[in-house]
Amino acid sequence: MYLARNNIITLQSQGDWAPINYYEDGEPKGLSIEFAEDADEKKPAWNHGFVYGKSWNDYVEMVKHDQLDVLLNVVRTPERTNTLLFSEPYATLNYQVYTRKGTPPINSLADLQGKIIAVPKGVYYSENLDSLDTIRILSVSSSTDALRAVADGRADAFYELAPVVDWLMKKHGIENVQYGGDAKIGERTALQVRMAVNKKNKLLASILDKGMSMIGDGELAYLQRRWLGGSETESTIPLTQVEREYLRDKENILVAAHTEFPPFEYQNEKGQLRGISIDIFRLIAKRLGISTVEVIRPWPDLKKMLRNGKLDVSPEHDVHGAGAGGFFIHQAVRLVLCGPLTREGTNQVNSSKDLKGKTVAVEKDFSFPTF
């Protein structure tokens with residue numbers, strides 16, 4: 001009945017947010033556009049049309065006032081849930097900081113103090129910037145305007161998706177903007193994009209969900225590779241339905257971050273987490289498209305939080321002695337040989353028998369072989 005009364009379902013086509021949602025030569029294109037069109041072809045089928053030429057903020061307001069039916073590529077935030085109903089996510093995208101070439105890297109919010117950030121009106125992370133009085137905001141209409149503001153010196157940085165920035169720089173011939181660092185604005189950089197409708201329009205939300213449910217994992221993986229790039233391994237890690245639902249409901253994976261175990265986990269002179277284990281886990285998180293929060297504490301505290309379920313994972317753990325007690329240990333990612341250190345001039349330790357009667361210094365709560 002709803003589709004019979006509403007012949008055309010309207011969606012937004014943005015002008016310059018390629019490869020997600022844009023139009024070229026009068027035709028809407030991008031990941032979100034093709035995904036919506038695929039959902040339209042499923043049952044129940046619904047005819048759609050596009051609304052052009054508005055800013056992102058305008059589109060959000062139009063949905064709220066029933067002037068637009070469906071908002072594409074939108075991030076769910078607590079504030080938006082007051083007025084919008086959201087579909088399941090159809091892509092996970094990673095935001096990054098961009099700056100002018102030759103400027104220092106920005107790896108934390110502290111590095112942004114006194115700086116000017118170009119922010120398109122209505123973007124999700126503007127809610128996180130309102131409380132940061134040490135950062136100045138240059139409000140702009142679009143991602144193109146934000147890029148140009150950084151390029152010409154009116155702003156120091158902006159926050160955007162890597163594929164969007166790549167496309168805009170090529171289109172507009174901008175060469176003096178660079179990847180600026182991994183500072184997080186808010187609690188996450190990996191964002192799940194969805195469709196959204198006015199909260200009063202529950203029937204349309206149900207229709208969209210049914211259309212989306214008919215798009216298989218392989219079809220969705222193809223769309224993501226087609227528009228976002230990446231290899232088969234990067235975009236199609238074979239998760240079960242239960243695993244996908246777990247990640248969908250888990251806003252952040254809480255990671256134990258030990259800071260005094262170089263070269264595996266440590267903090268450098270700038271307070272940044274570095275190390276082999278951290279890098280491996282960050283790569284896994286990137287492949288899965290999940291958002292992480294690294295919790296820095298002394299190792300005994302981290303171990304207790306892991307046992308109590310207050311942390312989700314430790315990138316660095318072994319199975320010696322009591323090390324595995326209470327934990328599920330994943331398969332080993334490397335083999336590291338450990339050996340005793342003694343003062344110069346003392347006898348070598350070649351077996352546990354050589355330690356008889358000796359005093360051995362052992363770091364508290366670390367796992368070592370039992371002698």
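Leaving aside its neighbours within four places in sequence, which residues is Met-195 in contact with?

**View 1. Met-195 and the largest nonpolar core of this predicted model.**
Once neighbours within four places in sequence are set aside, Met-195 is in contact with Phe-35, Ala-36, Val-70, Leu-71, Leu-72, Val-74, Leu-85, Phe-86, Ser-87, Tyr-90, Leu-208 and Met-212. The largest nonpolar core holds 61 residues, and the members that touch the most others are Val-70, Tyr-90, Phe-158, Val-177 and Met-195. Another core, of twelve residues, lies apart from the largest one and includes Val-51, Trp-56, Val-63 and Leu-71. In soluble globular proteins, nonpolar side chains tend to be buried together.

**View 2. The surroundings of Asn-73 in strand E6.**
Asn-73 has its place in strand E6, which spans residues 71-75, and with a relative accessibility of 5% this residue counts as buried. The side chain of Asn-73 makes a polar contact, at 2.9 Å, with the side chain of Gln-14. Apart from neighbours within four places in sequence, the residues in contact with Asn-73 are Gln-12, Gln-14, Trp-17, Ile-20, Asn-21, Ser-32, Trp-56, Tyr-90, Val-193 and Arg-194. Tyr-90 in this list is also one of the residues that touch the most other members of the largest nonpolar core.

**View 3. Strand E9, covered on both faces.**
Strand E9, residues 116-120, is mostly covered, with five of its five residues buried. On one side are Ile-116, Ala-118 and Pro-120, on the other Ile-117 and Val-119, and all of these are buried. In a regular strand the side chains alternate between the two faces of the sheet. Strand E9 is joined by five bridges to strand E10 (residues 136-140), with the two running parallel, and by two bridges to E11, again in a parallel arrangement. Ala-118 takes part in both pairings, for this residue stands opposite Leu-138 in E10 and has Phe-158 as its bridge partner in E11.

**View 4. Leu-138 in strand E10.**
Leu-138, found in strand E10, is partly exposed, with a relative accessible area of 24%, whereas Ala-118, which stands opposite Leu-138, is buried. Not counting residues up to four places away in sequence, Leu-138 touches Ile-116, Ile-117, Ala-118, Val-119, Ala-149, Arg-154 and Ala-155. Leu-138 and Ala-157 are separated by 19 residues in sequence, and their C-alpha atoms lie 10.0 Å apart in space.

**View 5. Helix H6 and its buried face.**
Helix H6 runs over residues 162-172, and Val-164, Val-165, Leu-168 and Met-169 in this helix are buried. Seen down the axis of H6, the buried residues fall within an arc of 125°, so they line one face of the helix. These buried residues pack against strand E2 (16-17), strand E8 (91-100), helix H5 (143-151), strand E11 (157-161) and strand E12 (177-181). Just after H6 comes Gly-173, which takes a positive phi of about 65°.

**View 6. Two open sheets, each of three strands.**
One open sheet has its three strands in the order E2-E3-E4, with antiparallel pairing. Its edge strands are E2 and strand E4 (27-29), each of which pairs on one side only. Strand E3 (residues 21-24) and E4 are paired in the antiparallel sense over three bridges, and Glu-24 has Glu-27 as its bridge partner in E4. The other open sheet follows the order E15-E16-E17, and its pairing is antiparallel. Strand E15 (260-261) and strand E17 (273-274) stand at the edges with a single partner strand each, so one side of each is left without a neighbour in the sheet. Between E15 and strand E16 (residues 265-267), which run antiparallel, there are two bridges, and the partner of Glu-260 in E16 is Tyr-266.

**View 7. Where the prediction is more and less confident.**
The protein chain has a mean pLDDT of 80, and 80% of its residues reach 70 or more. Confidence is highest in strand E7 (residues 84-86), at 97, and lowest in helix H9 (residues 232-235), at a mean of 39. The pLDDT is below 50 over residues 231-236, a stretch that has eight contacts in the model beyond near neighbours in sequence. Residues 319-324 also have a pLDDT below 50, and beyond near neighbours in sequence this stretch has 14 contacts in the model. Where pLDDT is low, the predicted coordinates should not be read in detail.

Terms used. Residues are numbered from 1 along each chain as its sequence is written. Side-chain values use heavy atoms; hydrogens and water are left out. Buried means under 20% relative accessible area, exposed over 50%, partly exposed in between (1.4 Å probe, protein chains only). Helices (H or I, at least four residues) and strands (E, at least two) are DSSP runs, numbered from the N terminus. The arc is that of the directions from the helix axis to the C-beta atoms. Contact means heavy atoms within 4.5 Å. Two strands pair if DSSP finds at least two bridges between them. A polar contact is a pair of N or O atoms within 3.5 Å; within protein, one must be able to donate a hydrogen and the other to accept it, and residues adjacent in sequence count only if both atoms are side-chain atoms. pLDDT is the predictor's confidence in each residue, from 0 to 100. A nonpolar core is a set of buried Ala, Val, Leu, Ile, Met, Phe, Trp, Tyr and Cys residues joined through side-chain atoms within 4.5 Å.
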